[in-house]
Protein chains: 2
Amino acid sequence: MRNKHSKLFEQVYFILVEPQLGENIGAVARVISNFGFTKLRIVSPRDGWPNAKAEELAAHGKYVLKQATILDSFQKAISDLNFILATSANSRDMVKKVERPDKAVNKIYKMISNKNKVGILLGRERSGLTNEEIVSADLLMSIPTSSSNPSLNIAQATCIVAYEISKMENKKIIYSKAESMAKKDDLMKLFIHLENELLKTGFLKIEAKRKKMIQNIRNMFIKAEMTEQEVRTFRGIISALVKR
Amino acid sequence: MRNKHSKLFEQVYFILVEPQLGENIGAVARVISNFGFTKLRIVSPRDGWPNAKAEELAAHGKYVLKQATILDSFQKAISDLNFILATSANSRDMVKKVERPDKAVNKIYKMISNKNKVGILLGRERSGLTNEEIVSADLLMSIPTSSSNPSLNIAQATCIVAYEISKMENKKIIYSKAESMAKKDDLMKLFIHLENELLKTGFLKIEAKRKKMIQNIRNMFIKAEMTEQEVRTFRGIISALVKR
(Lines give C-alpha, C1' and ligand atoms only; values in the text may rest on other atoms or scores of the structure.)
Protein backbone atom coordinates (compact mmCIF):
# COMPACT_ATOMS: atom_id res chain seq x y z
CA MET A 1 0.00 0.00 0.00
CA ARG A 2 1.77 3.12 -1.22
CA ASN A 3 0.53 6.64 -1.39
CA LYS A 4 1.33 9.14 -4.02
CA HIS A 5 2.64 12.36 -2.63
CA SER A 6 -0.29 14.61 -1.87
CA LYS A 7 -0.12 18.19 -3.11
CA LEU A 8 -2.01 19.27 -0.01
CA PHE A 9 0.80 18.04 2.22
CA GLU A 10 3.05 20.77 0.88
CA GLN A 11 1.02 23.17 2.99
CA VAL A 12 2.02 21.39 6.21
CA TYR A 13 5.17 22.64 7.97
CA PHE A 14 6.68 20.63 10.80
CA ILE A 15 8.52 23.01 13.11
CA LEU A 16 11.15 21.79 15.56
CA VAL A 17 11.65 24.41 18.25
CA GLU A 18 15.22 24.42 19.61
CA PRO A 19 15.76 20.68 19.22
CA GLN A 20 18.67 19.28 21.20
CA LEU A 21 19.67 15.94 19.67
CA GLY A 22 20.61 15.52 16.02
CA GLU A 23 19.24 11.97 16.25
CA ASN A 24 15.77 13.32 16.91
CA ILE A 25 15.96 15.86 14.08
CA GLY A 26 16.95 13.07 11.71
CA ALA A 27 14.23 10.73 12.96
CA VAL A 28 11.63 13.49 12.49
CA ALA A 29 12.81 14.12 8.90
CA ARG A 30 12.60 10.41 8.16
CA VAL A 31 9.13 9.89 9.53
CA ILE A 32 7.52 12.94 7.95
CA SER A 33 8.89 11.85 4.59
CA ASN A 34 7.52 8.34 5.26
CA PHE A 35 4.06 9.86 5.26
CA GLY A 36 4.59 12.12 2.25
CA PHE A 37 5.50 15.40 3.94
CA THR A 38 8.55 17.45 2.91
CA LYS A 39 8.47 20.75 4.79
CA LEU A 40 10.63 21.02 7.88
CA ARG A 41 11.62 24.17 9.78
CA ILE A 42 14.17 24.09 12.56
CA VAL A 43 14.49 26.90 15.08
CA SER A 44 17.99 27.29 16.59
CA PRO A 45 19.16 23.67 16.78
CA ARG A 46 21.31 23.39 19.92
CA ASP A 47 24.28 21.66 18.28
CA GLY A 48 24.46 23.86 15.18
CA TRP A 49 23.83 23.01 11.57
CA PRO A 50 24.45 20.82 9.57
CA ASN A 51 24.42 17.89 11.97
CA ALA A 52 25.97 14.53 11.04
CA LYS A 53 23.79 12.52 13.45
CA ALA A 54 20.67 14.08 11.96
CA GLU A 55 21.75 13.05 8.48
CA GLU A 56 22.48 9.52 9.57
CA LEU A 57 19.12 9.01 11.27
CA ALA A 58 17.17 10.64 8.43
CA ALA A 59 18.08 7.66 6.20
CA HIS A 60 16.07 7.92 2.98
CA GLY A 61 14.41 11.07 4.30
CA LYS A 62 17.66 12.98 3.98
CA TYR A 63 16.21 15.09 1.17
CA VAL A 64 13.82 16.61 3.72
CA LEU A 65 16.77 17.68 5.86
CA LYS A 66 18.67 19.11 2.90
CA GLN A 67 15.80 21.41 2.07
CA ALA A 68 14.88 22.23 5.69
CA THR A 69 14.80 25.90 6.68
CA ILE A 70 16.97 26.85 9.67
CA LEU A 71 15.74 29.91 11.55
CA ASP A 72 17.00 31.87 14.50
CA SER A 73 13.65 32.85 15.94
CA PHE A 74 10.34 31.20 16.66
CA GLN A 75 8.37 34.14 15.25
CA LYS A 76 10.09 33.85 11.87
CA ALA A 77 9.18 30.18 11.79
CA ILE A 78 5.46 30.82 12.05
CA SER A 79 4.97 34.26 10.51
CA ASP A 80 3.82 33.18 7.04
CA LEU A 81 1.54 30.39 8.27
CA ASN A 82 -2.22 30.48 8.73
CA PHE A 83 -2.91 27.94 11.44
CA ILE A 84 -0.72 26.56 14.20
CA LEU A 85 -1.10 23.26 16.05
CA ALA A 86 0.99 22.75 19.17
CA THR A 87 1.73 19.28 20.46
CA SER A 88 1.61 19.52 24.21
CA ALA A 89 0.51 17.37 27.10
CA ASN A 90 -1.71 19.99 28.63
CA SER A 91 -3.12 23.47 28.22
CA ARG A 92 -1.34 24.90 31.30
CA ASP A 93 -4.43 26.70 32.49
CA MET A 94 -4.76 28.63 29.28
CA VAL A 95 -8.08 29.05 27.57
CA LYS A 96 -7.12 26.89 24.61
CA LYS A 97 -8.87 24.06 22.95
CA VAL A 98 -7.12 20.75 23.50
CA GLU A 99 -7.97 17.90 21.13
CA ARG A 100 -6.99 14.28 20.65
CA PRO A 101 -4.88 13.61 17.54
CA ASP A 102 -7.69 12.38 15.29
CA LYS A 103 -9.89 15.39 16.02
CA ALA A 104 -7.00 17.84 15.77
CA VAL A 105 -6.02 16.38 12.44
CA ASN A 106 -9.54 16.71 11.16
CA LYS A 107 -9.21 20.41 11.71
CA ILE A 108 -5.83 20.53 10.04
CA TYR A 109 -7.08 18.68 7.02
CA LYS A 110 -9.95 21.10 6.68
CA MET A 111 -7.45 23.97 6.88
CA ILE A 112 -5.14 22.68 4.16
CA SER A 113 -8.10 21.78 1.98
CA ASN A 114 -8.99 25.47 2.17
CA LYS A 115 -5.50 26.46 1.02
CA ASN A 116 -4.21 27.44 4.45
CA LYS A 117 -0.61 26.83 5.45
CA VAL A 118 -0.43 24.90 8.71
CA GLY A 119 2.43 24.69 11.22
CA ILE A 120 2.89 21.77 13.63
CA LEU A 121 4.99 22.82 16.64
CA LEU A 122 7.25 20.25 18.26
CA GLY A 123 8.92 21.34 21.49
CA ARG A 124 12.33 20.85 23.06
CA GLU A 125 13.13 17.31 24.22
CA ARG A 126 13.46 18.27 27.89
CA SER A 127 11.18 21.22 28.40
CA GLY A 128 8.68 21.19 25.54
CA LEU A 129 7.18 24.47 24.39
CA THR A 130 7.19 27.69 26.42
CA ASN A 131 3.94 29.34 27.44
CA GLU A 132 4.57 32.10 24.88
CA GLU A 133 4.93 29.56 22.11
CA ILE A 134 1.78 27.75 23.17
CA VAL A 135 -0.15 31.00 23.24
CA SER A 136 0.64 31.49 19.55
CA ALA A 137 -1.09 28.20 18.66
CA ASP A 138 -4.65 27.94 17.38
CA LEU A 139 -5.12 24.47 18.75
CA LEU A 140 -3.35 22.16 21.18
CA MET A 141 -3.09 18.48 20.52
CA SER A 142 -2.65 15.96 23.31
CA ILE A 143 -1.73 12.34 22.68
CA PRO A 144 -3.21 10.15 25.42
CA THR A 145 -0.38 8.19 27.02
CA SER A 146 0.14 5.99 30.06
CA SER A 147 0.32 7.65 33.45
CA SER A 148 3.31 5.48 34.32
CA ASN A 149 5.43 6.75 31.40
CA PRO A 150 3.69 9.65 29.67
CA SER A 151 6.54 11.29 27.81
CA LEU A 152 6.78 10.44 24.10
CA ASN A 153 9.95 10.97 22.10
CA ILE A 154 9.40 13.90 19.69
CA ALA A 155 9.91 11.74 16.61
CA GLN A 156 7.18 9.42 17.92
CA ALA A 157 4.80 12.33 18.52
CA THR A 158 5.60 13.54 15.01
CA CYS A 159 4.91 10.05 13.68
CA ILE A 160 1.43 10.07 15.16
CA VAL A 161 0.53 13.48 13.70
CA ALA A 162 1.92 12.61 10.26
CA TYR A 163 0.18 9.23 10.31
CA GLU A 164 -3.16 10.72 11.32
CA ILE A 165 -3.02 13.38 8.60
CA SER A 166 -2.11 10.79 5.99
CA LYS A 167 -5.08 8.70 7.12
CA MET A 168 -7.39 11.59 6.28
CA GLU A 169 -5.92 11.68 2.80
CA ASN A 170 -6.24 7.91 2.39
CA LYS A 171 -9.89 7.70 3.19
CA LYS A 172 -10.54 8.59 -0.42
CA ILE A 173 -8.62 5.62 -1.77
CA ILE A 174 -9.93 2.08 -1.93
CA TYR A 175 -7.44 -0.77 -1.80
CA SER A 176 -8.30 -4.35 -2.45
CA LYS A 177 -6.21 -7.10 -3.88
CA ALA A 178 -7.87 -10.10 -2.35
CA GLU A 179 -8.38 -13.25 -4.40
CA SER A 180 -11.98 -14.06 -5.03
CA MET A 181 -13.56 -16.70 -2.85
CA ALA A 182 -14.62 -20.15 -3.98
CA LYS A 183 -18.16 -20.56 -5.21
CA LYS A 184 -20.53 -21.96 -2.59
CA ASP A 185 -21.21 -24.88 -4.86
CA ASP A 186 -17.55 -25.94 -4.91
CA LEU A 187 -17.41 -25.55 -1.17
CA MET A 188 -20.47 -27.78 -0.81
CA LYS A 189 -18.82 -30.42 -2.98
CA LEU A 190 -15.81 -30.30 -0.69
CA PHE A 191 -18.06 -30.80 2.34
CA ILE A 192 -19.83 -33.77 0.76
CA HIS A 193 -16.53 -35.31 -0.30
CA LEU A 194 -15.08 -35.02 3.21
CA GLU A 195 -18.24 -36.14 4.96
CA ASN A 196 -18.67 -39.20 2.74
CA GLU A 197 -15.14 -40.28 3.47
CA LEU A 198 -15.62 -39.67 7.18
CA LEU A 199 -18.83 -41.70 7.20
CA LYS A 200 -16.94 -44.65 5.75
CA THR A 201 -14.32 -44.41 8.48
CA GLY A 202 -16.79 -44.45 11.31
CA PHE A 203 -15.70 -41.00 12.48
CA LEU A 204 -19.32 -39.87 12.31
CA LYS A 205 -20.81 -43.11 13.56
CA ILE A 206 -22.67 -41.75 16.61
CA GLU A 207 -25.84 -40.63 14.94
CA ALA A 208 -26.96 -38.34 17.74
CA LYS A 209 -23.83 -36.29 17.35
CA ARG A 210 -23.45 -36.48 13.59
CA LYS A 211 -25.43 -33.39 12.59
CA LYS A 212 -23.70 -31.17 15.10
CA MET A 213 -20.27 -32.45 14.13
CA ILE A 214 -20.89 -31.85 10.45
CA GLN A 215 -22.05 -28.34 11.27
CA ASN A 216 -18.91 -27.67 13.23
CA ILE A 217 -16.63 -28.99 10.50
CA ARG A 218 -18.38 -26.94 7.85
CA ASN A 219 -18.20 -23.84 9.99
CA MET A 220 -14.50 -24.23 10.34
CA PHE A 221 -14.03 -24.29 6.57
CA ILE A 222 -16.40 -21.41 6.02
CA LYS A 223 -14.46 -19.26 8.46
CA ALA A 224 -11.39 -19.79 6.29
CA GLU A 225 -13.00 -17.91 3.40
CA MET A 226 -11.34 -20.35 1.03
CA THR A 227 -10.38 -19.50 -2.52
CA GLU A 228 -11.12 -21.77 -5.46
CA GLN A 229 -7.54 -22.99 -5.47
CA GLU A 230 -7.68 -23.79 -1.77
CA VAL A 231 -10.81 -25.87 -2.22
CA ARG A 232 -9.07 -27.83 -4.99
CA THR A 233 -6.00 -28.32 -2.82
CA PHE A 234 -8.09 -29.56 0.02
CA ARG A 235 -9.95 -32.06 -2.08
CA GLY A 236 -6.57 -33.35 -3.20
CA ILE A 237 -5.54 -33.71 0.41
CA ILE A 238 -8.63 -35.76 1.26
CA SER A 239 -8.08 -38.08 -1.72
CA ALA A 240 -4.43 -38.51 -0.85
CA LEU A 241 -5.13 -39.33 2.79
CA VAL A 242 -7.81 -41.83 1.90
CA LYS A 243 -5.72 -43.60 -0.72
CA ARG A 244 -3.19 -44.47 1.91
CA MET B 1 -4.93 13.20 29.24
CA ARG B 2 -3.51 10.13 30.97
CA ASN B 3 -4.63 6.58 30.75
CA LYS B 4 -4.60 4.11 33.54
CA HIS B 5 -2.84 0.91 32.66
CA SER B 6 -5.33 -1.40 31.03
CA LYS B 7 -5.48 -5.00 32.27
CA LEU B 8 -6.27 -6.12 28.74
CA PHE B 9 -2.94 -4.81 27.50
CA GLU B 10 -1.17 -7.52 29.46
CA GLN B 11 -2.41 -9.94 26.80
CA VAL B 12 -0.49 -8.10 24.07
CA TYR B 13 3.07 -9.28 23.36
CA PHE B 14 5.32 -7.20 21.14
CA ILE B 15 7.82 -9.54 19.49
CA LEU B 16 11.05 -8.24 17.98
CA VAL B 17 12.38 -10.84 15.56
CA GLU B 18 16.19 -10.75 15.36
CA PRO B 19 16.51 -7.00 15.91
CA GLN B 20 19.86 -5.54 14.94
CA LEU B 21 20.28 -2.20 16.72
CA GLY B 22 20.05 -1.77 20.47
CA GLU B 23 18.77 1.76 19.83
CA ASN B 24 15.67 0.34 18.15
CA ILE B 25 15.04 -2.21 20.89
CA GLY B 26 15.20 0.59 23.45
CA ALA B 27 12.95 2.88 21.44
CA VAL B 28 10.38 0.08 21.08
CA ALA B 29 10.42 -0.56 24.85
CA ARG B 30 9.94 3.15 25.51
CA VAL B 31 7.04 3.63 23.14
CA ILE B 32 5.09 0.52 24.14
CA SER B 33 5.32 1.63 27.76
CA ASN B 34 4.16 5.12 26.70
CA PHE B 35 0.90 3.51 25.64
CA GLY B 36 0.55 1.23 28.65
CA PHE B 37 1.99 -2.03 27.31
CA THR B 38 4.59 -4.04 29.22
CA LYS B 39 5.15 -7.33 27.40
CA LEU B 40 8.18 -7.55 25.13
CA ARG B 41 9.76 -10.66 23.62
CA ILE B 42 13.04 -10.50 21.74
CA VAL B 43 14.16 -13.30 19.43
CA SER B 44 17.95 -13.60 19.05
CA PRO B 45 19.05 -9.96 19.27
CA ARG B 46 22.05 -9.60 16.96
CA ASP B 47 24.34 -7.85 19.42
CA GLY B 48 23.58 -10.07 22.40
CA TRP B 49 21.88 -9.25 25.67
CA PRO B 50 21.82 -7.06 27.75
CA ASN B 51 22.48 -4.11 25.47
CA ALA B 52 23.61 -0.73 26.84
CA LYS B 53 22.22 1.27 23.90
CA ALA B 54 18.84 -0.36 24.34
CA GLU B 55 18.78 0.65 27.99
CA GLU B 56 19.75 4.23 27.18
CA LEU B 57 17.05 4.68 24.54
CA ALA B 58 14.36 2.99 26.63
CA ALA B 59 14.50 5.98 29.03
CA HIS B 60 11.59 5.67 31.47
CA GLY B 61 10.46 2.51 29.70
CA LYS B 62 13.50 0.65 31.01
CA TYR B 63 11.31 -1.53 33.23
CA VAL B 64 9.84 -3.07 30.09
CA LEU B 65 13.33 -4.07 28.94
CA LYS B 66 14.24 -5.49 32.33
CA GLN B 67 11.30 -7.87 32.23
CA ALA B 68 11.57 -8.66 28.50
CA THR B 69 11.86 -12.34 27.52
CA ILE B 70 14.84 -13.23 25.34
CA LEU B 71 14.32 -16.30 23.15
CA ASP B 72 16.47 -18.24 20.73
CA SER B 73 13.73 -19.28 18.31
CA PHE B 74 10.77 -17.70 16.63
CA GLN B 75 8.53 -20.69 17.35
CA LYS B 76 9.13 -20.38 21.09
CA ALA B 77 8.14 -16.73 20.90
CA ILE B 78 4.69 -17.47 19.50
CA SER B 79 3.84 -20.97 20.74
CA ASP B 80 1.68 -19.96 23.73
CA LEU B 81 -0.15 -17.17 21.87
CA ASN B 82 -3.56 -17.35 20.20
CA PHE B 83 -3.47 -14.70 17.50
CA ILE B 84 -0.57 -13.23 15.57
CA LEU B 85 -0.40 -9.92 13.76
CA ALA B 86 2.54 -9.33 11.42
CA THR B 87 3.57 -5.85 10.42
CA SER B 88 4.58 -6.09 6.79
CA ALA B 89 4.38 -3.93 3.72
CA ASN B 90 2.79 -6.60 1.55
CA SER B 91 1.34 -10.07 1.50
CA ARG B 92 3.97 -11.48 -0.90
CA ASP B 93 1.40 -13.29 -2.99
CA MET B 94 0.13 -15.29 -0.08
CA VAL B 95 -3.55 -15.65 0.57
CA LYS B 96 -3.51 -13.55 3.72
CA LYS B 97 -5.71 -10.78 4.86
CA VAL B 98 -3.95 -7.41 4.86
CA GLU B 99 -5.51 -4.61 6.87
CA ARG B 100 -4.79 -1.00 7.65
CA PRO B 101 -3.74 -0.32 11.25
CA ASP B 102 -7.11 0.85 12.52
CA LYS B 103 -8.93 -2.20 11.15
CA ALA B 104 -6.20 -4.59 12.25
CA VAL B 105 -6.33 -3.15 15.71
CA ASN B 106 -10.06 -3.57 15.83
CA LYS B 107 -9.49 -7.28 15.39
CA ILE B 108 -6.76 -7.33 18.02
CA TYR B 109 -8.95 -5.58 20.51
CA LYS B 110 -11.71 -8.07 19.90
CA MET B 111 -9.21 -10.90 20.46
CA ILE B 112 -7.90 -9.57 23.77
CA SER B 113 -11.44 -8.81 24.94
CA ASN B 114 -12.12 -12.53 24.46
CA LYS B 115 -9.12 -13.48 26.60
CA ASN B 116 -6.82 -14.39 23.71
CA LYS B 117 -3.12 -13.65 23.92
CA VAL B 118 -1.98 -11.64 20.92
CA GLY B 119 1.50 -11.33 19.43
CA ILE B 120 2.63 -8.37 17.30
CA LEU B 121 5.54 -9.38 15.06
CA LEU B 122 8.14 -6.76 14.22
CA GLY B 123 10.73 -7.79 11.64
CA ARG B 124 14.44 -7.24 11.21
CA GLU B 125 15.48 -3.68 10.36
CA ARG B 126 16.94 -4.58 6.97
CA SER B 127 14.99 -7.56 5.78
CA GLY B 128 11.74 -7.59 7.74
CA LEU B 129 10.02 -10.93 8.34
CA THR B 130 10.68 -14.14 6.41
CA ASN B 131 7.93 -15.84 4.43
CA GLU B 132 7.82 -18.61 7.03
CA GLU B 133 7.26 -16.07 9.80
CA ILE B 134 4.55 -14.32 7.81
CA VAL B 135 2.77 -17.62 7.13
CA SER B 136 2.38 -18.11 10.87
CA ALA B 137 0.46 -14.86 11.22
CA ASP B 138 -3.31 -14.63 11.35
CA LEU B 139 -3.38 -11.13 9.94
CA LEU B 140 -1.00 -8.78 8.19
CA MET B 141 -1.02 -5.09 8.90
CA SER B 142 0.21 -2.59 6.38
CA ILE B 143 0.81 1.03 7.29
CA PRO B 144 0.22 3.17 4.19
CA THR B 145 3.37 5.19 3.55
CA SER B 146 4.76 7.39 0.82
CA SER B 147 6.03 5.77 -2.36
CA SER B 148 9.09 8.01 -2.26
CA ASN B 149 10.20 6.77 1.18
CA PRO B 150 8.06 3.82 2.27
CA SER B 151 10.23 2.23 4.94
CA LEU B 152 9.30 3.09 8.53
CA ASN B 153 11.71 2.62 11.42
CA ILE B 154 10.48 -0.33 13.56
CA ALA B 155 9.97 1.83 16.64
CA GLN B 156 7.75 4.12 14.55
CA ALA B 157 5.74 1.16 13.26
CA THR B 158 5.44 -0.06 16.85
CA CYS B 159 4.31 3.42 17.91
CA ILE B 160 1.44 3.33 15.43
CA VAL B 161 0.22 -0.10 16.54
CA ALA B 162 0.46 0.78 20.23
CA TYR B 163 -1.23 4.13 19.66
CA GLU B 164 -4.09 2.58 17.68
CA ILE B 165 -4.73 -0.12 20.30
CA SER B 166 -4.75 2.47 23.06
CA LYS B 167 -7.31 4.46 21.06
CA MET B 168 -9.60 1.41 21.07
CA GLU B 169 -9.29 1.22 24.83
CA ASN B 170 -10.34 4.84 25.05
CA LYS B 171 -13.43 4.14 23.01
CA LYS B 172 -14.39 1.38 25.44
CA ILE B 173 -16.06 -0.84 22.93
CA ILE B 174 -17.49 -4.08 24.22
CA TYR B 175 -17.38 -7.09 21.98
CA SER B 176 -19.62 -10.08 22.12
CA LYS B 177 -18.06 -13.21 23.47
CA ALA B 178 -16.38 -15.70 21.21
CA GLU B 179 -14.46 -18.86 21.93
CA SER B 180 -10.78 -18.38 22.45
CA MET B 181 -8.48 -19.51 19.68
CA ALA B 182 -6.17 -22.52 19.74
CA LYS B 183 -2.61 -21.98 20.90
CA LYS B 184 -0.07 -21.69 18.10
CA ASP B 185 1.71 -24.71 19.48
CA ASP B 186 -1.36 -26.92 19.05
CA LEU B 187 -1.88 -25.56 15.57
CA MET B 188 1.73 -26.40 14.72
CA LYS B 189 1.16 -29.96 15.92
CA LEU B 190 -1.84 -30.19 13.63
CA PHE B 191 0.27 -28.99 10.69
CA ILE B 192 3.01 -31.51 11.40
CA HIS B 193 0.46 -34.30 11.78
CA LEU B 194 -1.20 -33.49 8.46
CA GLU B 195 2.06 -32.91 6.61
CA ASN B 196 3.56 -36.15 7.85
CA GLU B 197 0.56 -38.06 6.65
CA LEU B 198 0.62 -36.26 3.32
CA LEU B 199 4.31 -37.00 2.86
CA LYS B 200 3.59 -40.70 3.27
CA THR B 201 0.90 -40.55 0.60
CA GLY B 202 3.10 -38.93 -1.99
CA PHE B 203 0.85 -35.86 -2.13
CA LEU B 204 3.89 -33.68 -1.47
CA LYS B 205 6.29 -35.72 -3.55
CA ILE B 206 7.39 -33.00 -5.99
CA GLU B 207 10.12 -31.45 -3.91
CA ALA B 208 10.25 -28.20 -5.87
CA LYS B 209 6.63 -27.50 -5.02
CA ARG B 210 6.57 -28.91 -1.52
CA LYS B 211 7.46 -25.78 0.44
CA LYS B 212 4.96 -23.61 -1.35
CA MET B 213 2.22 -26.21 -0.98
CA ILE B 214 2.82 -26.54 2.73
CA GLN B 215 2.69 -22.77 3.03
CA ASN B 216 -0.62 -22.67 1.21
CA ILE B 217 -2.13 -25.43 3.32
CA ARG B 218 -1.03 -23.80 6.56
CA ASN B 219 -2.38 -20.46 5.41
CA MET B 220 -5.76 -21.97 4.77
CA PHE B 221 -5.98 -23.33 8.32
CA ILE B 222 -4.70 -20.13 9.85
CA LYS B 223 -7.39 -18.16 8.07
CA ALA B 224 -9.98 -20.32 9.80
CA GLU B 225 -8.91 -18.97 13.23
CA MET B 226 -9.53 -22.40 14.70
CA THR B 227 -10.55 -22.93 18.29
CA GLU B 228 -8.94 -25.56 20.47
CA GLN B 229 -11.91 -27.85 19.90
CA GLU B 230 -11.67 -27.43 16.15
CA VAL B 231 -8.00 -28.35 16.15
CA ARG B 232 -8.84 -31.51 18.11
CA THR B 233 -11.67 -32.32 15.72
CA PHE B 234 -9.43 -31.89 12.74
CA ARG B 235 -6.74 -34.12 14.12
CA GLY B 236 -9.44 -36.72 14.62
CA ILE B 237 -10.46 -36.30 10.99
CA ILE B 238 -6.92 -36.86 9.77
CA SER B 239 -6.51 -39.99 11.88
CA ALA B 240 -9.85 -41.34 10.73
CA LEU B 241 -9.10 -40.74 7.05
CA VAL B 242 -5.70 -42.34 7.31
CA LYS B 243 -6.95 -45.38 9.17
CA ARG B 244 -9.25 -46.19 6.32
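**Exercise 1. A shared acidic residue**

D80(B) is partly exposed, with a relative accessible area of 24%; identify the salt bridges that D80(B) forms with R41(B) and K117(B), and place each partner in the chain.

Solution.

Step 1. The model is predicted: local features need pLDDT of at least 70, side-chain atom pairs count only at pLDDT 80 or more, and totals for chains, interfaces and linings use all residues. Residues are numbered from 1 along each chain as its sequence is written, chains are lettered from A and ligands numbered from 1 in the order in which they are written, and side-chain values use heavy atoms, with hydrogens and water left out.

Step 2. Fix the exposure classes: buried is under 20% relative accessible area, exposed is over 50%, and partly exposed is in between (1.4 Å probe, protein chains only).

Step 3. Apply the salt-bridge rule (a side-chain nitrogen of Lys or Arg within 4 Å of a carboxyl oxygen of Asp or Glu). D80(B) and R41(B) satisfy it at 2.9 Å, N to O. D80(B) sits in the loop between α4 (74-78) and β5 (83-87) of chain B and R41(B) in strand β3, so the bridge joins parts 39 residues apart in sequence. Helices (H or I, at least four residues) and strands (E, at least two) are DSSP runs numbered from the N terminus. R41(B) is buried, at 10% relative accessibility.

Step 4. K117(B) also bridges to D80(B), with closest N and O atoms 3.6 Å apart. K117(B) belongs to the loop between α5 (101-113) and β7 (118-122) of chain B, so this pair ties together parts 37 residues apart. K117(B) is partly exposed, with a relative accessible area of 30%.

**Exercise 2. Salt bridges in both chains**

How many salt bridges are there over all chains, and which residues are joined into one network by shared partners?

Solution.

Step 1. The rule gives 32 salt bridges over all chains. One of them pairs R218(A) with E195(A), at 2.8 Å between the closest N and O atoms. R218(A) lies in helix α9 (residues 207-223) of chain A and E195(A) in helix α8 (residues 184-201), 23 residues apart. R218(A) is partly exposed at 22%, whereas E195(A) is buried at 7%.

Step 2. Across the interface, K167(B) meets D102(A) in a salt bridge (3.8 Å, N to O).

Step 3. D102, E164 and K167 of chain A and D102, E164 and K167 of chain B form one network through bridges with shared partners.

**Exercise 3. The interface of chains B and A**

Describe the interface of chain B and chain A by contacts, buried area and composition.

Solution.

Step 1. Contact means heavy atoms within 4.5 Å. By this criterion, 69 residues of chain B are in contact with 70 residues of chain A.

Step 2. The two chains bury about 6200 Å² between them, 57% of it on carbon and sulfur atoms. Buried area is the accessible area (1.4 Å probe) that two parts lose on being put together, summed over both.

Step 3. The interface has five salt bridges and 18 residue pairs in polar contact, both residues at pLDDT 80 or more. A polar contact is a pair of N or O atoms within 3.5 Å; within protein, one must be able to donate a hydrogen and the other to accept it, and residues adjacent in sequence count only if both atoms are side-chain atoms.

Step 4. On the side of chain B that touches chain A, helix α7 (residues 154-171) gives the most, with nine residues. That side divides into 31 nonpolar, 22 polar and 16 charged residues. Here Ala, Val, Leu, Ile, Met, Phe, Trp, Tyr, Cys and Pro count as nonpolar, Asp, Glu, Lys and Arg as charged, and the others, Gly among them, as polar.

**Exercise 4. Aromatic pairs**

Classify the geometry of the pair F14(B) and F37(B) and of the pair F221(B) and F234(B).

Solution.

Step 1. Rings of Phe, Tyr and Trp (its six-membered ring) pair if their centres lie within 6.5 Å; planes under 30 degrees apart are stacked, over 60 edge-to-face and the rest tilted. The structure holds 13 such pairs over all chains.

Step 2. F14(B) and F37(B) are edge-to-face, at 5.3 Å centre to centre and 80° between the planes. F14(B) is in strand β2 (residues 12-17) of chain B and F37(B) in the loop between α1 (22-34) and β3 (39-43), 23 residues apart. F14(B) is buried at 0%, and F37(B) is buried at 0%.

Step 3. The ring centres of F221(B) and F234(B) are 5.0 Å apart with planes at 75°, so this pair is edge-to-face. F221(B) lies in helix α9 (residues 207-223) of chain B and F234(B) in helix α10 (residues 228-243), so parts 13 residues apart in sequence are tied together. F221(B) is buried at 5% and F234(B) at 2%.

Step 4. F191, F221 and F234 of chain A and F191, F221 and F234 of chain B form one aromatic cluster.
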